[in-house]
Amino acid sequence: MESFNNNAATYPTFNFLQRRIASELLTLCAANLPPMRSCIDIGCGNGAMWQQIDTARTIDSPQSPFVSPLHTFVGLDSAPNLLDLHARSPIVRLVCGDFNRPLRAQIGDETFDVALASSSLQWADDLEQTLFEIANIAPHLGAAIFTARSLHELHAFVGIPSPLLDSATLRHKLEAIFCGFCLPQLYTISFENLHALLRYLQKSGIRGQTTLDTAQTQKLRHFQENKLVFEVLYFVGTRRN
């Protein structure tokens, strides 16, 4: 997405929530999926998930048995500036591609043990189709998806609907293609002042392509909260037969 690509230079400073989510998703996968030899990271960004995996491969941790057999890691992202920041490794292959397009046309005939999608699938144009594409290349999925509960207070104050799906809709779409479990989790980020809050929204990429008109932008400058609340729906599952 263009907002992520444009803010790539400052993204590592502001994506601390995405890094935490990647860590917690990997922990859930390690506890519920068999060890993986190959995986694809859908919407890999600057490599938050690979960083977690690489650490678990080199330092003994609860995730280590899950990632230790790994010999193939493919990261897919549509933002070339973020891919430039992704760590390299002999087992890492990076693909500048878009999960809103057919995956086979972008990665070829390769299949994977696990597909990981951390803080990315909320931006799918057609989530069901994207999940179908993922199921065709990997039997197991670990996903962390921001829900419509995210930034609810801010959206209500400005008077705009959330661009994201609610947790019930996400659950229905996920469970139509994969058999697994969902775990919702709330996160709150506090800020010293409104300027810091607005800068985070601008630089973290977390608001996606949401744009405000002049009146909405002016109203946002009077937002009284010094915190933002996000809801993430974690999902770990196996492709339905």
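## A tour of the sheet and its helices

Start by selecting L116 in this predicted model: L116 stands opposite G142 in β5.

**Stop 1: strand β4 and its partner β5**

Extend the selection to β4 and β5, which are paired in the parallel sense over 5 bridges. Now colour β4 by burial: the strand is mostly covered, and 5 of its 5 residues are buried. In a regular strand, side chains alternate between the two faces of the sheet. What is found on each face of β4? V114, L116 and S118 lie on one side and A115 and A117 on the other, and all of them are buried, so that both faces of β4 are covered.

**Stop 2: strand β1**

Select strand β1, residues 38-42, together with strand β4, residues 114-118. These two strands run parallel and are joined by 3 bridges. To find one pair of residues, pick C39, which stands opposite V114 in β4.

On the way to the next strand, select I40. Its bridge partner in β2 is V74. The pairing of β1 with β2 is parallel and has 5 bridges.

**Stop 3: strand β2**

Keep V74 selected and add R93 in β3, which stands opposite V74. Like the pairing just visited, that of β2 with β3 is in the parallel sense, over 5 bridges.

Is β2 mostly covered or mostly open? It is mostly covered, with 6 of its 6 residues buried. On one side select T72, V74 and L76; on the other, select F73, G75 and D77. These residues are all buried, and both faces of β2 are covered.

**Stop 4: the whole sheet**

Now show the strands together. In what order do they come? The 7 strands form an open sheet in the order β3-β2-β1-β4-β5-β7-β6, with mixed pairing. Select β3 (92-96) and β6 (178-190) to see the edge strands, each of which pairs on one side only. On average, neighbouring strands of this sheet are turned by 15° against each other, direction ignored.

**Stop 5: helices α4 and α3**

With the sheet still shown, add α4. This helix lies across β1, β2 (72-77), β3 and β4, and runs at about 125° to β4.

Next add helix α3, residues 16-32, beside helix α4, residues 48-58. Two packed helices are described by the angle between their axes and the distance between the axes. Here the axes come within 9 Å and cross at roughly 50°. The helices α3 and α4 are therefore oblique to each other. The crossing in which α3 passes α4 is right-handed.

To see the contact itself, select R19, A22, S23, L25 and L26 in α3, and then A48, M49, Q51, Q52 and I53 in α4, which they meet. Sorted by class, the residues in the contact of α3 with α4 are 6 nonpolar, 3 polar and 1 charged.

**Stop 6: helices α8 and α10**

Move to helix α8, residues 127-135. Which strands does α8 lie across? They are β1, β4, β5 (140-146), β6 and β7 (227-239), and α8 runs at about 120° to β6.

Add helix α10, residues 167-177, whose axis comes within 10 Å of that of α8, with a crossing of roughly 30°. Angles under 35 degrees count as roughly parallel, and α8 and α10 are therefore roughly parallel to each other. Their crossing is right-handed. On the α8 side of the contact, select L127, E128, L131, F132 and A135; on the α10 side, select L170, K173, L174 and I177. The residues of this contact divide into 7 nonpolar, no polar and 2 charged.

Before leaving α8, pick T130, which has its place in this helix. Is T130 buried or exposed? T130 is buried, because its relative accessible area is 3% and buried means under 20%. Apart from neighbours within four places in sequence, T130 is in contact with F99, N100, L121 and A124.

**Stop 7: L197 in helix α11**

Finish at L197, found in helix α11, residues 194-203. L197 counts as buried, at 0% relative accessibility. Leaving aside neighbours within four places in sequence, the contacts of L197 are L154, F191, F223, E225, N226, K227 and L228. For a last distance, select the C-alpha atoms of L197 and E225: the two residues are 28 residues apart along the chain, and these atoms are separated by 9.2 Å.

Technical notes: Residues numbered from 1 in each chain as written. Predicted model: local features only at pLDDT ≥ 70, side-chain atom pairs only at ≥ 80, totals over all residues. Heavy atoms only, no water. Axes fitted to C-alpha atoms, helices over the stretch in contact; angles between N-to-C directions. Helix = DSSP H or I, 4+ residues; strand = E, 2+ residues; numbered from the N terminus. Parallel < 35°, antiparallel > 145°, perpendicular 65-115°, else oblique. Left-handed = near helix turned anticlockwise from the far one by under 90°. Contact = heavy atoms within 4.5 Å. Nonpolar A, V, L, I, M, F, W, Y, C, P; charged D, E, K, R; others polar. Pairing = 2+ DSSP bridges. Buried < 20%, exposed > 50% of the residue type's maximum accessible area, 1.4 Å probe, protein only.
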